[in-house]
Amino acid sequence: MRENNSGKIVEFGPVPWSRPEILECLEEFSRLYEERPIRDNRGGMKAPHMFAVWFMVRQLSPDIIVESGVWKGQSTWLLEKACPKAELFSIDLNLKTREYVSNRAIYSDKDFSEQDWSDLPDQSLVFFDDHQNAYRRLQQCSWFGFRHIIFEDNYPITKGDCYSLKKVFSEVGFDPFGSNKEPKDDGYLFKGRRRSDGSIEVTPLTLTPQYESKIIAPNVCDAKMLRKRLEVYHEFPPVFKCDKTRWEDDWSDALYPTPKPLIERSTLATHDIFLEEAIYYTWICYVRLKSIG
Ligand SMILES: C[S@@+](CC[C@H](N)C(=O)[O-])C[C@H]1O[C@@H](n2cnc3c(N)ncnc32)[C@H](O)[C@@H]1O
C-alpha cells in the first residue's frame, strides 16, 4: 500500500488565537451553554464543537455569517450569541426540522453553491455543518470570495459520510459506498413530457453525461492544492480527550491524530458537560483561503 499522511496532525499558517486565550473563555462559555434552547441536540453539535464555533466566530468577528446545515437550529442560536451584530444567512435543504427559529437569520433551502454571493463584504465567514465534500466547498468559497471557513464535519480517515479536509490531507480519498457498488446514476440529463394519458415520455437532453465524481480515489494532488491555496489550516483542540472514540475504538494517534486537549484533568463542575460530551468531537477546523485579489 502507498504511504500516506494519515497518522499526522496537520497545522499551518498564523492561527489568530492562542491556547491561553481559548482557555480563558471556557467558563464564560459554560454559562452560555446552560442557556441553549435545545437540550437534546442529537444529530447536531455538542459542547466541544459548540465551544469551538462560538470562540472562533467571536474572535473573527465577521460582518456576515453563512451557516450551511441548520438541523434543529442550535447552531443558529450559537452564531447569534457569538456575533450579535453580524448578518446571518442560514441554509438547510430541509428547514422543517427547526425547533429554534431565529427572527434575525435569513433562511434558505437552496444549496450554498446556488446562492447569490455577488455583494460579499471582506469580513465574511462560512460555517459548514452540512456533510458535503469539503474540498468542493472550498472551491466554491474561493469562487465566491469567502476566505474564513469553519468545517464542523472534519472526519478522520476511516469514518464519516463526506470527503473531509482531514481525509484530503491524509491522501486517502473517499468511498461513500465502501465495498458496495455505487447506485446507478449515469449523469445524463433528460427532458420529460407528459403524454395525454398522464404518463411521462423521457428524451435525452445532453449527449455527454454531467461530471460529478462521488468516489474519490486516494491521491496526493488534493492535499498539495490545499497547501497551495490555504493560508491557515487549524484543527481546534478538543476540551477533553477520552480513551475511546464515539465509534468505541481506541482514540489512538495513529488513526485519530488529535491536537493536544485543552484540559487533561479537572474537578471543576463547570467542566462536567465538556467531559460528558467529549466523544462528540470531530476535529472541527478553521481554514483561511489565500487572497487572490
Ligand atoms: C449535522 S446537521 C446540522 C447541525 C446543526 N448545525 C447543529 O449543530 O445544531 C446537518 C444538516 O445539514 C443539512 N444538509 C444536508 N445537505 C445540505 C446542503 N447541501 N446544504 C445545506 N444543508 C444541508 C441536513 O438537512 C441537516 O439538517
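This is a short tour of the model, stop by stop, with something to select at each one. Keep in mind that the model is predicted.

**Stop 1: the core**

Start in the middle of things and select Val 53, Trp 54, Met 56, Val 57, Ile 149 and Ile 150. These are the residues with the most contacts inside the largest nonpolar core, which has 54 residues. Now add helix α3, residues 47-60, to the selection: α3 gives the most to this core, with 10 residues. As a rule, nonpolar side chains tend to be buried together in soluble globular proteins.

Which residues is Met 56 in contact with, once its neighbours within four places in sequence are left aside? Show Ile 150, Phe 236 and Tyr 286, and you have them. Ile 150 turns up here as a contact of Met 56 and also among the residues with the most contacts in the core.

**Stop 2: around the ligand**

Next, bring up the ligand and the residues around it. There are 21 of them, and Gly 44, Met 45, Gly 69, Trp 71 and Ser 75 come nearest. Colour the shell by residue class and you should get five nonpolar, 11 polar and five charged.

Stay with Trp 71 for a moment. Trp 71 is found in the loop between β1 (64-68) and α4 (74-82). Its backbone deserves a click: phi is positive, about 55°, although Trp 71 is not a glycine. Is Trp 71 buried or exposed? Trp 71 counts as buried, because there are 22 C-beta neighbours inside 10 Å, and the cut-off for buried is 20 or more.

**Stop 3: helix α5 and its inner side**

Select residues 134-144, which make up α5, and highlight Ala 134, Arg 137, Leu 138 and Cys 141: these are buried. Why do they sit on the same side of α5? They cover an arc of only 100° around the axis, and that puts them there. The general background is that an α-helix has 3.6 residues a turn, so residues three or four places apart point the same way.

To see what covers the buried residues of α5, switch on β4 (124-128), β5 (148-151), α6 (165-170) and β9 (285-289), which are included in that cover.

Then pick Tyr 135, also in α5. Tyr 135 is partly exposed, with 19 other C-beta atoms within 10 Å. Not counting residues up to four places away in sequence, Tyr 135 touches Tyr 163, Val 168 and Asp 222. Try a distance label to Leu 226 as well: the two residues are 91 apart along the chain, yet their C-alpha atoms are separated by 8.4 Å.

Before leaving, step to Gly 145, which follows α5 and has a positive phi near 100°.

**Stop 4: from α6 to the β6/β7 hairpin**

Go on to Glu 171, in the loop between α6 and β6 (190-194). Here is another residue other than glycine with a positive phi, near 65°. Glu 171 counts as partly exposed, with 19 C-beta neighbours inside 10 Å.

Now select β6 together with β7 (residues 200-204). The two strands pair in the antiparallel sense over five bridges. To see the register, show Arg 194 with its bridge partner Ile 200, then Lys 191 with its bridge partner Thr 203. The hairpin has five residues between the strands, and Gly 198 takes a positive phi near 95°.

How many of the five residues of β6 are buried? The number is zero, so β6 lies largely in the open. Strand β7 is hardly covered either, as its count of buried residues is also zero among five.

**Stop 5: two loops to finish**

Carry on past β7 to Glu 212, in the loop between β7 and α7 (221-229). Glu 212 is exposed, with 9 other C-beta atoms within 10 Å. Put a distance label between Glu 212 and Leu 255: they are 43 residues apart along the chain, and 29 Å separates their C-alpha atoms.

Finally, select Asp 111, in the loop between β3 (106-108) and β4. Asp 111 is partly exposed, with 14 other C-beta atoms within 10 Å. Label the distance to Ile 91, and the C-alpha atoms come out 7.0 Å apart, with the two positions 20 residues apart in sequence numbering.

Technical notes:
Residues are numbered from 1 along each chain as its sequence is written. This is a predicted model: local features need pLDDT of at least 70, side-chain atom pairs count only at pLDDT 80 or more; totals for chains, interfaces and linings use all residues. A residue is buried if 20 or more other C-beta atoms lie within 10 Å of its own, exposed if 12 or fewer, and partly exposed in between; C-beta atoms are placed from the backbone. Helices (H or I, at least four residues) and strands (E, at least two) are DSSP runs, numbered from the N terminus. The arc is that of the directions from the helix axis to the C-beta atoms. Two residues are in contact if their C-beta atoms, placed from the backbone, lie within 7 Å. A residue is near a molecule or strand if its C-beta atom, placed from the backbone, lies within 6 Å of it. Ala, Val, Leu, Ile, Met, Phe, Trp, Tyr, Cys and Pro count as nonpolar, Asp, Glu, Lys and Arg as charged, and the others, Gly among them, as polar. A nonpolar core is a set of buried Ala, Val, Leu, Ile, Met, Phe, Trp, Tyr and Cys residues joined through C-beta atoms within 7 Å. Two strands pair if DSSP finds at least two bridges between them.
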